[in-house]
Amino acid sequence: MYWIILLFVLLIASVKTRSSKKPMTVSVILPAYNEEKTVASVIKTVQTLNYVDEIIVVNDGSIDATEKMAKEAGATVISHTRNRGKGAAIKTGFKNSKGDVVVFLDADLQKLNPQQVDKMIQPILNDEADVTKTKFKREAGRVTELTAKPLLSFFFPEIKFEQPLSGQFAARRSFLNNINLEDDYGVDVGIVLDADVMGARVKEVDIGNLTHSMSSLYDLNIMATEVVRTIVDRANSYGRITMIDTLGKSIRMGVLGLSLTTLGFFFIFFIRIRPSYLALYIGLAISIIGIVIAIYYIIQIVRASIKTILRPDDKSRNLKSFFYMHSPLIVSALIMFAVLFTMIGSVHVDEGKISIEPAARNVIFWKQPVDNQTIDVRGPYTVDSALENEYSSIRIPQDALNTLELGYGDTITIKGNAYTLNQTIPGEDSILRIPYEARNALGINIRDVIRDTDLRNYFQNLYAQKNIPLTTPNITVTEGVIIKNTLSDGKIINFYLNNEKIGSTTGILEDGTYTMYVNGYFYRTIKFNNSSSQKTFFVTRGNNVVKIEIAGDIKSSAELPTANDGILFNFNFNR
């Protein structure tokens, strides 16, 4: 019983909603210029449709009795003081109308009947269209056939209306509010083009026979000029003209070639299908086709660019036109070049074997700026052998040092051997030169490529000694660290010399015993416990007193070594 009552209530609500839906109002606008013979007849025809709410005649500067005849026929008349054009009259009528549906009719129509007007309006009232335009049988149509249709076929081939310039329209106000109505005879085709590009529902309605006043050849010339201007302007606004010149075609095809080349490299390096050689062959074929196309059209681009820029007319105008028309695609081509070179990465030739290994650099964003640096680009690094007689040093790029949080002159211990970290030689900003024994211990080989994100994994758990930057020349401090590949909870450690702060460092401090040295000799051990209140330790040398203060918490990827793993600090007093 409950469900029956609920369904009954919903049914009543549905019926009430449909019945309370406000019907759409209709306004009819007649632009008129010297149409005293026909305007009253058109008005009276429209008046027979009882759902039309208002009829507005815009008297566009007529010098005959158009205004008088329209008023006597019962229409609202708005007059321009001078002839401003059909589109301007339509805009005036639209701005002063109120209907949800707006109908535009020529005032020179002869033998118009109510059924023809009704056919224009009903598809919108029935929600079958947003815009309706008419087609009808007539003797004329020279501007349509000789001007409008050829241009539309070229710039807007998707538009297939039989009579794009019929002149009789109906449209929803919501659509008309979002378009730019032309001031002249281009208004008709402008509505059609805007509706097409905006995706509005446009319906062409056949209303049978319709007779217009015949226009003179002079008037047709004006109409054709305005229609052509509107179509070309819309084609330019909607991107139908850009890049149709010789240079534009070459740039488009050149970009196509580069795109195919890029696609081919993606097949070779990143697409995995079975059998595996299929991706290689497909990628090579696509890349070769793309390279041939790109080279051919790049040559054409260079030739056409020179001709375009060096034309004998206004050079500044040529450069400006060249920039606006072609720079976006040229930049796209440069981006694709960059993508290709990035994908290739590096090429290795080894005893007849050619290896291509794509590699990407690592972009690092700093949460806390270091040396005023908030973003950094690092890696990848290619492993190579050490230079001759450099058995105890590793030449390492600055980017890699930053990742390991070490510096030049620091040492790192690998399988019991200490290696000093030195600068790379000029031209080797991405080369890691590592001695043979160290490479074996790390499990890496010559020509291996190490991404910056993987670097700490190779050096994980190794002991290193690093110099702590201080503000005084009277003392140097070397810190022992164990490299980790993840961040953990650590401590900030401050150093004071005779109660003056001279520097700080960070590291992971676990509960345990730590050793400190002075001038290379064992000095003392300290016991640290995170739960203990003791956070200050001292090192004394003559009159100099160094205070070590555990100051606060911070995230760190360097673990400070306990007594079993290495030296915590080595203090060297210079006086």
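A: A quick definition first: a residue with under 20% relative accessible area is called buried, one with over 50% is called exposed, and partly exposed covers what is in between. Keep in mind that we're looking at a predicted model.

Q: Okay, so how do I read a salt bridge, and how many does the structure hold?

A: The general idea is that side chains of opposite charge can pair when their charged atoms come close. Here the structure holds 17 salt bridges. Take Lys71 and Glu67, whose side chains meet at 3.2 Å, N to O. These two sit 4 residues apart in helix H3 (residues 66-72), so about one helical turn separates them.

Q: Are Lys71 and Glu67 buried or exposed?

A: In between! Lys71 has 48% relative accessibility, so it counts as partly exposed. Glu67 comes in at 30%, so it is partly exposed too.

Q: Which parts does the salt bridge between Lys86 and Asp188 tie together?

A: First, find the pair: the side chains of Lys86 and Asp188 meet in a salt bridge of 3.0 Å, N to O. Lys86 belongs to helix H4 (residues 86-95) and Asp188 to helix H8 (residues 187-198), so this pair ties together parts 102 residues apart in sequence. Both Lys86 and Asp188 are buried.

Q: What about Glu428 and Arg433, buried or exposed?

A: Glu428 forms a salt bridge with Arg433, with 2.8 Å between the closest N and O atoms. Glu428 has a relative accessible area of 14%, so it is buried, and Arg433 is buried at 12%. Elsewhere, salt bridges with shared partners join Asp127, Asp130, Arg172 and Arg201 into one network.

Q: How do I look for empty space, and how many cavities are there of 30 Å³ or more?

A: Rolling a probe the size of a water molecule over the atoms shows where empty space is left. In this structure the search finds 2 cavities of 30 Å³ or more. The largest holds about 60 Å³, and its lining has 10 nonpolar residues, no polar ones and no charged ones. Among them are Ile493, Tyr514 and Phe569.

Q: And what classes of residue line the second largest cavity?

A: That cavity holds about 40 Å³, and its lining divides into 5 nonpolar, 1 polar and 3 charged residues. Glu405, Arg456 and Ser557 are included.

Q: Last one: what is the phi of Arg447?

A: Most residues other than glycine have a negative phi. Arg447 has a positive value, near 75°, and lies in the loop between helix H14 (436-442) and strand E17 (449-450). Asn519 also has a positive phi, about 50°, and lies in the loop between strand E21 (512-518) and E22.

Technical notes:
Residues are numbered from 1 along each chain as its sequence is written. This is a predicted model: local features need pLDDT of at least 70, side-chain atom pairs count only at pLDDT 80 or more; totals for chains, interfaces and linings use all residues. Side-chain values use heavy atoms; hydrogens and water are left out. On a 1 Å grid over the protein atoms alone, a cavity is a set of points where a 1.4 Å probe fits but cannot get out, and a pocket is an open set with protein on both sides within 12 Å along at least five of seven lines; lining residues have an atom within 4 Å of a point. Grid points are joined across faces, edges and corners, and a volume is the space filled by probe spheres set on the points. Ala, Val, Leu, Ile, Met, Phe, Trp, Tyr, Cys and Pro count as nonpolar, Asp, Glu, Lys and Arg as charged, and the others, Gly among them, as polar. A salt bridge is a side-chain nitrogen of Lys or Arg within 4 Å of a carboxyl oxygen of Asp or Glu. Buried means under 20% relative accessible area, exposed over 50%, partly exposed in between (1.4 Å probe, protein chains only).
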